[in-house]
Amino acid sequence: MTRPGFCTPHACPDDAKAAEEAEVGGPDHAGGDSAALCARLERIERQNAALMEAQAALGAQIAALQDHANLVGQMVQEMHAGRRRRLLSGLALPLPLVRLGELVTAPGPSLAYLKDMARQCVVTGTSVVADGAGGWRLKRRPAAIARNMARDFSALVFGRRSVVYRVRPHHPPLAVRPRVLHVIPNVYVGGSTQLVVDLLERLGHRYEMQVVTAGLPPNGRHEGMVLHHLPLGSQPAAFANLLSSVRPDIVHLHYWGEGDCPWYEAALAAARESEAVLVENVNTPVAPLRDPRIHTYVFVSDYIRQAFAPDIANAQVMHPGIDLERFSPRDFAPGAEDTVGMVYRLARDKLDDDAILPLIDVAQRRPKTRFLIVGDGELLPVFHARVREAGVRHNFEFAGTVPFDALPALYRRFRLFVAPVVRESFGQVTPFAMAMGQVVAGYKVGALAEILGDDATLGTSRAALVDILVSLLDDRDRLTALGEANRARAPLFALEGMISSYGRIYAEALGRDADLMPGFPQAQFYREV
């Protein structure tokens, strides 16, 4: 039975036959019109070929779907086996989720890294407060821990990094300025980076300054600084391309040697072929990178110059300057008289694994002493483990990395600064303490005696340093007297003097002063409104 309005070939044989006869020219031409028949056969062959191509394409699609099904099955199996990294990388997830998933699901080190990060966020979010009985106790600060985790994890997963250095120019720029390119392997928190920031802020109006570096702060960023990134291993050609683009009048190398020597040497090789004048700062206790093209060597302490390059004639000693206004005496916080502060990058360039031991000795010998450790690095977990093993964790507060602007407030929490360094070229953190009227004690190494003016508070051994620290903490009058003497000496390291000297060095290198009318007020530009 057929539905109304529809027919099938079997239901309408006459219509089908008529259609067939019409297509070949009707019954009168059946078998007589070979051309029409051939045309029909060709159309049928074309249709057949098209059907074969469609079948092949369909087969390819089926095969692709089967491969995809197999891949999905494999991913599901890996998920059940606990290996979800490939699953996350194969899905169209937002990049931050993929990165987080890869970190969470990657075997071994990545997961351990996340655990260590979380643990350090707790460590640096825990304060040491008075227990009411003359001692100290640990107090976790949930807000600080959450802030630390937000900072570190957002930097790791989302790439959002907090501001470490914010460059604030002190004067409007001149209309025409020579260009200076600072060459420094990393711009982590430290004295060399601070020197560059000071020059940018105080001389940037007379010299247009840019920076090339191989290492950016892992958990932070800088604002107001023009940065070019050339990683370690970059060849001279990469530096040459940068120099041809920037076209500096002065290339200022901030040298500290060690494992970064090949990077410095590549930069120097390119700068040597440029028209720029070369200036080299020697910022650590190492021999300078020597080259006839270097116009001036600047040593941050006389100790380095005398120890590593007494024969260089075109050399000057320039102590890094400090902002006396920022690090000025204020009222100390409660408990500061029994608190010792240490402010360093916790790395093995100045400190070693045993640097924490004299501090532990003092805590055991004088339990009412608190230690505030400011800084971060590979030694932070080492120091934390050491104080826990010694049973004095409640005496030690680890602040971690802090913005530069937050340092004065932290310094006001202690009266005595300790420098248990095994090597020291200058160390701006020491004049910071001196300017605030604090006493500095440490090992008798490097330039510390040069900075302090004598070695009365410097020990030559662990036991000697412990005795010095305990005696200072127990003698408030001597603590006050030495603090006042340090405050009176601090202007020797004033920032203004350093900036003036670098301005002179740059002018001598160029053969002219950047300010063509020194002493006159800067030009003011007006426009009609």
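**Entry 1: H7 and H18**

I began with two helices and found that H7 and H18 are roughly perpendicular to each other, since angles of 65 to 115 degrees are classed that way. The model I am reading is a predicted one. For the pair, I noted axes that come within 10 Å and cross at roughly 80°. H7 spans residues 191-203, and H18 spans residues 495-510.

I then listed the residues that meet. On the H7 side they are Leu195, Asp198, Leu199, Arg202 and Leu203. On the H18 side I recorded Leu495, Glu496, Met498, Ile499, Tyr502, Gly503 and Tyr506. Sorted by class, the contact of H7 with H18 holds eight nonpolar, one polar and three charged residues.

**Entry 2: H16 and H17**

I looked up a second helix pair, H16 (residues 462-473) and H17 (residues 476-489). Their axes lie 6 Å apart, and the packing angle is about 100°. H16 is therefore roughly perpendicular to H17. From H16, I found Ser471, Leu472 and Leu473 in the contact; from H17, Arg476, Arg478, Leu479 and Leu482. I counted the classes in the contact of H16 with H17 as four nonpolar, one polar and two charged.

**Entry 3: the nonpolar core**

I turned to the largest nonpolar core, which has 125 residues. Which residues have the most contacts inside it? They are Phe396, Tyr411 and Phe417. H18 gives the most to this core, with eight residues. As background, I recalled that nonpolar side chains tend to be buried together in soluble globular proteins.

I followed Tyr411 further, setting aside its neighbours within four places in sequence. Its contacts are Phe327, Phe332, Val343, Phe417, Val429, Phe432, Ala433, Met436 and Gln438. Phe417, named above among the residues with the most contacts in the core, is thus also one of the partners of Tyr411.

**Entry 4: H8 and the residue after it**

I asked which residues of H8 are buried. I found Phe239, Leu242, Leu243 and Val246. These cover an arc of only 100° around the axis, which puts them on the same side of H8. On the face turned away from that buried side, I noted the exposed residues Asn241, Ser244 and Ser245. The cover over the buried residues of H8 includes the strands E4 (179-183), E5 (208-213), E7 (227-229) and E8, together with H9.

H8 is followed by Arg247, whose phi is positive, near 55°. I placed Arg247 in the loop between H8 (236-246) and strand E8 (250-255). I classed Arg247 as exposed because its relative accessibility is 62%, and the cut-off is over 50%.

**Entry 5: Glu258**

I looked for a positive phi elsewhere and found one at Glu258, also near 55° and in a residue other than glycine. Glu258 sits in the loop between E8 and helix H9 (261-272). I kept in mind that most residues other than glycine have a negative phi.

**Entry 6: H12**

I closed with H12, residues 380-389, where the buried residues are Leu380, Phe383, His384 and Val387. Seen down the axis of H12, they fall within an arc of 100°, so they line one face of the helix. After H12 comes Gly391, with a positive phi near 75°.

Conventions
Residues are numbered from 1 along each chain as its sequence is written. This is a predicted model: local features need pLDDT of at least 70, side-chain atom pairs count only at pLDDT 80 or more; totals for chains, interfaces and linings use all residues. Side-chain values use heavy atoms; hydrogens and water are left out. Axes are lines fitted to C-alpha atoms, for helices over the stretch in contact, and angles run from 0 to 180 degrees between N-to-C directions. Helices (H or I, at least four residues) and strands (E, at least two) are DSSP runs, numbered from the N terminus. Angles under 35 degrees count as roughly parallel, over 145 as roughly antiparallel, 65 to 115 as roughly perpendicular and the rest as oblique. Contact means heavy atoms within 4.5 Å. Ala, Val, Leu, Ile, Met, Phe, Trp, Tyr, Cys and Pro count as nonpolar, Asp, Glu, Lys and Arg as charged, and the others, Gly among them, as polar. Buried means under 20% relative accessible area, exposed over 50%, partly exposed in between (1.4 Å probe, protein chains only). The arc is that of the directions from the helix axis to the C-beta atoms. A nonpolar core is a set of buried Ala, Val, Leu, Ile, Met, Phe, Trp, Tyr and Cys residues joined through side-chain atoms within 4.5 Å.
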